Each structure stands twice: as structure tokens, then as C-alpha cells.
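Colleague: I should like to understand how the descriptive terms applied to a model are justified. May I put some questions to you about the one shown here?

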Amino acid sequence: MTISDGFNNRRYFCQTAGMSPAVNRAVYLALADRRNRRPVVGEFPAEARLKGFFFFCGKQISTELEVESEEASLNVVVIPGNPGVASFYKDFVEALYEQLGGCASITAIGHISHSRQDMAYGRMFSLQEQINHKVGFIKELQNKHLPIILIGHSIGSYVCIEVLKRFPEQEIFSIFLYPFLALNTSSSTQYMIGVLARSSLLSATFSFLVALLGSFPTRISGALVSRLLGPSCSTTAVDAACTCLMKYHTMRNVLFMAKTEFEKLSEEPDWSFMKEKKKQIAFLFGVDDHWGPLSLFEEISRQVPGAPLSIEREGHTHSFSCSKAGSIWVAHHVANLIKSRVSSQE
């Protein structure tokens with residue numbers, strides 16, 4: 001067992017491979033009241049560098065996935081879309097770590113109650129509460145005194161923008177992947193999700209059915225998820241969906257967050273803020289993505305002239321992190337943006 005203190009006496013992780021559940025539980029309880037980030041037992045696959053944690057911000061709890069560099073000159077934080085399951089980004093985090101040559105510690109922080117265990121006891125969290133939670137995490141990370149880079153995926157891009165507003169004096173470079181920043185009224189998928197999310201009865205019924213499927217043996221639920229996600233989906237994505245997403249509390253939170261997203265994103269994006277921060281932000285769009293359509297790409301180019309904009313034309317989808325190839329390609333693109341940013345600051 002290794003217990004390491006490297007975060008001003010507030011950060012611990014625990015490697016407990018091969019130990020009995022009773023020992024794992026004892027270690028967990030021993031650390032339970034000592035800090036804001038706590039080890040996750042069995043939440044993520046065991047890796048040489050990859051570790052899972054609980055992050056506690058007040059009474060709000062989420063899981064995070066981290067690969068830490070002992071020679072880090074940067075802290076990179078990945079803020080997911082919705083669902084905000086950190087383990088969906090495992091392949092991406094690992095690939096980005098390799099692309100950056102181990103010079104950065106990288107953390108994917110999940111949304112509150114979008115995980116295997118319901119530690120909020122049935123409570124549902126809005127988009128604003130998820131934003132506040134990420135702000136709390138960034139405040140913790142500032143204790144390391146290293147430059148911070150934010151990577152937002154989908155609605156995570158909107159969360160990043162709101163986080164930037166909370167740290168006006170700090171120059172945080174942010175990369176928005178397949179950004180969801182405004183409602184797409186021409187999208188039938190968004191319309192159907194909106195109808196489902198706005199109805200408590202429909203949301204509860206749908207969540208119950210998803211949880212019922214999740215209670216099936218793994219080989220059955222895994223086959224269903226694989227068929228739903230498509231042939232390119234990775235085993236990492238299938239495992240994440242089966243262990244975290246197909247839970248009643250997770251799906252209720254996914255839909256409740258979507259409801260509050262749609263309410264907020266019916267408003268006009270904050271173009272003036274993006275224009276002010278255009279040297280600190282970069283965008284990546286997909287060719288056929290109803291969440292971040294090319295019409296939004298064109299609008300940003302008009303409203304925020306000079307902002308770095310790219311279009312991915314390799315055939316990856318909005319859910320890039322659900323495929324190995326998508327994770328690797330996007331990690332390569334993001335790594336190049338980060339390297340360019342670092343070199344321009346030298």
C-alpha cells in the first residue's frame with residue numbers, strides 16, 4: 001500500500017491492488033475525514049499511473065480520474081460533457097499524457113452524482129451547481145502554483161467559460177471540444193431530450209428502465225451498450241456506461257442537468273466575454289455535430305474574430321472519448337494546442 005501526501009496535506013491516494021475488500025474499506029475509512037479528495041476503491045481499472053478519487057467540495061461529491069506527473073509543469077483539467085462520468089475519458093487522459101511527454105498532471109473531474117455510487121442520497125444537481133463544484137476544484141488546484149489549462153467537452157465548454165469568469169485575474173488557457181454553447185432548434189434529438197428532461201414522470205420512468213437494464217448480467221448489459229454506442233466504441237466506454245451511467249440516480253441527474261442546460265442555453269452566448277478572452281480560448285468542432293453545429297462555428301468566427309477555430313474532419317463523433325481512435329486523435333490535437341501555448345509564453 002502507498003499513501004502519498006503531495007497536496008498541502010490535503011491530497012492522498014491509495015494503491016490497494018491485491019488487498020481484501022475489508023482492508024480497502026479500512027483504508028478508505030482511515031482517510032475519510034482527513035481531506036477533500038479521497039481514494040476510490042474499484043471505481044476505475046487499475047493502471048500504473050492512472051488513479052481514481054472522490055473529490056469533496058463542501059457536501060458535494062464527485063469522482064475524478066487522474067494521471068500525475070512527478071515533473072509536472074502544468075495542471076490540465078478535463079471537464080466532461082453530460083453524462084459527466086470521468087471514466088469515459090480514461091483513454092483520452094492517457095493519450096494526452098503521452099502526447100505531452102509526461103510534463104503535465106491531468107485530471108478528468110466528473111459531475112456530482114454522475115458515478116457508480118449515489119453519495120447525494122437522491123438529490124439532483126443543476127448546471128449551476130456543477131459549475132460551482134468545478135470552481136471549488138480549481139481553487140484546490142491553485143495550491144500547486146502551476147499554470148492551469150482547462151479542457152471542456154460539450155457542455156463542459158460552457159462550464160469552462162463560467163469558471164473563467166470566476167478567476168478574472170488568472171490567465172487560464174481553455175480548449176473547447178465539440179462545444180455545446182447554444183440550443184440548436186433544428187435538432188430533433190435535442191427536442192426529444194428536452195421533452196424527456198422537462199417531465200419528472202418521464203425522467204423517472206426512463207431512469208428506472210435504464211437502471212433495470214443495468215441490473216442485468218454484465219455480458220447482457222455490455223452487449224446492449226455496445227450496440228447502442230456503435231461498433232467503434234471502446235471497452236472503456238462500455239465499462240463506464242455499465243458501471244456508472246446505468247444507475248437510477250445517475251440517469252436522473254443526467255436528465256435534470258440537461259433540463260437546466262436547455263434553460264440556460266436558450267440565452268445568447270456571452271460573446272463580449274469570449275471576445276475579451278479570445279487569446280485564452282480555442283475551439284474544435286466536428287463536421288456533423290448537432291450539439292456544436294458548424295453554424296455555431298461560423299457565428300463564433302463573426303462574433304469573436306481572431307479566436308482559434310478548428311474543424312475535425314477525420315470522421316470522429318461528438319462522443320469522441322467513447323472510441324480509442326477518437327480519443328487519440330483529439331489528444332494529439334489538444335497536445336499541439338497546449339505546446340503552442342506554452343512555447344508562446346516562453
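Modeller: Let us begin with a definition: Ala, Val, Leu, Ile, Met, Phe, Trp, Tyr, Cys and Pro count as nonpolar, Asp, Glu, Lys and Arg as charged, and the others as polar. Please note also that this is a predicted model.

Colleague: What makes the lining of the largest cavity three nonpolar, three polar and two charged residues?

Modeller: The lining consists of Glu66, Asn75, Val76, Val77, Ser105, Thr107, Leu141 and Lys144. By the definition, Val and Leu are nonpolar, whereas Glu and Lys are charged. Asn, Ser and Thr belong to the others and therefore count as polar. The division is thus three nonpolar, three polar and two charged.

Colleague: Which elements give two or more residues to that lining?

Modeller: They are strand S6 (74-79) and strand S7 (104-109). S6 gives the most, with three residues.

Colleague: How many cavities of 30 Å³ or more are found, and how is empty space detected at all?

Modeller: A search of the whole structure finds one, and the space in the largest cavity is about 30 Å³. Rolling a probe the size of a water molecule over the atoms shows where empty space is left.

Colleague: Why is Ser154 called buried?

Modeller: The term buried requires a relative accessible area under 20%. Ser154 has 7% relative accessibility, and therefore counts as buried. Ser154 lies in the loop between strand S8 (148-153) and helix H4 (155-166). Leaving aside neighbours within four places in sequence, its contacts are Gly81, Leu177, Tyr178, Pro179, Phe180 and His318.

Colleague: What is notable about the phi of Ser154?

Modeller: Phi of Ser154 is near 60°, a positive value in a residue other than glycine. Ser113, also not a glycine, has a positive phi of about 65°. Ser113 is found in the loop between S7 and helix H3 (127-141).

Colleague: Is Ser113 buried or exposed, and how do you know?

Modeller: The relative accessible area of Ser113 is 4%. The limit for buried is under 20%, so Ser113 is buried.

Colleague: What kind of peptide bond joins Asn82 and Pro83?

Modeller: The bond is cis, with omega about 10°. Pro83 lies in the loop between S6 and helix H2 (90-99).

Colleague: Which residues of helix H11 are buried, and how do you know where they lie around the axis?

Modeller: In H11 (residues 294-303), Leu296, Phe297 and Ile300 are buried. They cover an arc of only 105° around the axis, and therefore lie on the same side of H11. An α-helix has 3.6 residues a turn, so residues three or four places apart point the same way. The cover over the buried residues of H11 includes helix H10 (271-276), strand S10 (281-286) and strand S11 (309-312).

Colleague: What may be said of the chain as a whole?

Modeller: The chain has twelve helices and eleven strands. Of its 346 residues, 55% are buried. The chain exposes about 15500 Å², and carbon and sulfur atoms supply 54% of that area.

Note on methods. Residues are numbered from 1 along each chain as its sequence is written. This is a predicted model: local features need pLDDT of at least 70, side-chain atom pairs count only at pLDDT 80 or more; totals for chains, interfaces and linings use all residues. Side-chain values use heavy atoms; hydrogens and water are left out. Helices (H or I, at least four residues) and strands (E, at least two) are DSSP runs, numbered from the N terminus. Buried means under 20% relative accessible area, exposed over 50%, partly exposed in between (1.4 Å probe, protein chains only). Contact means heavy atoms within 4.5 Å. Accessible areas come from the Shrake-Rupley method with a 1.4 Å probe; for residues, only the protein chains shown count as cover. On a 1 Å grid over the protein atoms alone, a cavity is a set of points where a 1.4 Å probe fits but cannot get out, and a pocket is an open set with protein on both sides within 12 Å along at least five of seven lines; lining residues have an atom within 4 Å of a point. Grid points are joined across faces, edges and corners, and a volume is the space filled by probe spheres set on the points. The arc is that of the directions from the helix axis to the C-beta atoms.
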